[in-house]
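User: I have a structure here and would like a close look at one part of it. Please keep it brisk and connected.

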Amino acid sequence: MLHPRQIGVTLASVGIAIGMASAVQAAEMPIQPSHSTTKFQTIEQPLGLKVGVTLGGLTLIGLELWWFLFSKANR
């Protein structure tokens, strides 16, 4: 059974790895000039970036819950 500290470290490392992978993928995307006359334009994001942002957010939520639930148990 994993200790709460190990779970937090694991979640943090997974979040950092996903964040780094999505940052590299975002840096590789070509920039296309916009010639549209509309005020707002839809930008389609790659699926990998969407998944990376979602997993990163869930990791942060998990870390916050872990901290909130288990940080007071050790005192």
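The part I have in mind is helix α2, residues 47–70. Which residues of α2 are buried, and what salt bridge does Lys-50 form?

Analyst: Keep in mind that this is a predicted model. Start with the setting. The protein has 75 residues, and 11% of them count as buried. Its secondary structure comes to 2 helices and 0 strands. About 6,600 Å² is exposed, with carbon and sulfur atoms supplying 68% of that area.

Now the helix itself. α2 has 24 residues. At 1.5 Å a residue they should span 34 Å, and the end C-alpha atoms are 34 Å apart, so the two values agree.

Next, the buried side. The buried residues of α2 are Leu-49, Gly-52, Gly-56 and Thr-59. Take Thr-59 as the worked case. Its relative accessible area is 8%. Buried means under 20%, so Thr-59 qualifies. What does Thr-59 touch, leaving aside residues up to four places away in sequence? The answer is Leu-11, Ala-12 and Gly-15. Helix α1 covers 4–27, so those three contacts of Thr-59 fall within the α1 range. Thr-59 also has a partner in its own helix region: its side chain reaches the backbone oxygen of Leu-55 at 2.7 Å.

Leu-55 leads to the surface. Along with Leu-47, Val-51, Leu-58, Ile-61, Leu-65, Trp-67, Phe-68, Leu-69 and Phe-70, Leu-55 makes a nonpolar surface patch of about 1,100 Å². Val-51 is one of these patch residues, and Val-51 lies in α2. Its relative accessibility is 40%, so Val-51 counts as partly exposed. Set that beside Thr-59, which is buried at 8%.

Last, the charged pair. A search of the whole structure finds 1 salt bridge. Glu-44 and Lys-50 form a salt bridge, with their closest N and O atoms 3.3 Å apart. The pair also appears as a polar contact between the two side chains, again at 3.3 Å. Where does Glu-44 lie? Glu-44 is in the loop between α1 and α2. Is Glu-44 buried or exposed? Its relative accessibility is 59%, so Glu-44 counts as exposed. Lys-50, at 41%, is partly exposed.

To put the helix together: Thr-59 is among the buried residues of α2, Val-51 belongs to the nonpolar patch, and Lys-50 is bridged to Glu-44.

Notes:
Residues numbered from 1 in each chain as written. Predicted model: local features only at pLDDT ≥ 70, side-chain atom pairs only at ≥ 80, totals over all residues. Heavy atoms only, no water. Patch = residues over 30% accessible without salt bridge, like charges linked within 9 Å, V, L, I, M, F, W, Y side chains within 5 Å. Areas by Shrake-Rupley, 256 points an atom, 1.4 Å probe, with all protein chains shown as cover. Salt bridge = Lys/Arg side-chain N within 4 Å of Asp/Glu carboxyl O. Helix = DSSP H or I, 4+ residues; strand = E, 2+ residues; numbered from the N terminus. Buried < 20%, exposed > 50% of the residue type's maximum accessible area, 1.4 Å probe, protein only. Expected span 1.5 Å × (residues − 1). Polar contact = N/O pair within 3.5 Å; in protein donor to acceptor, adjacent residues only side chain to side chain. Contact = heavy atoms within 4.5 Å.
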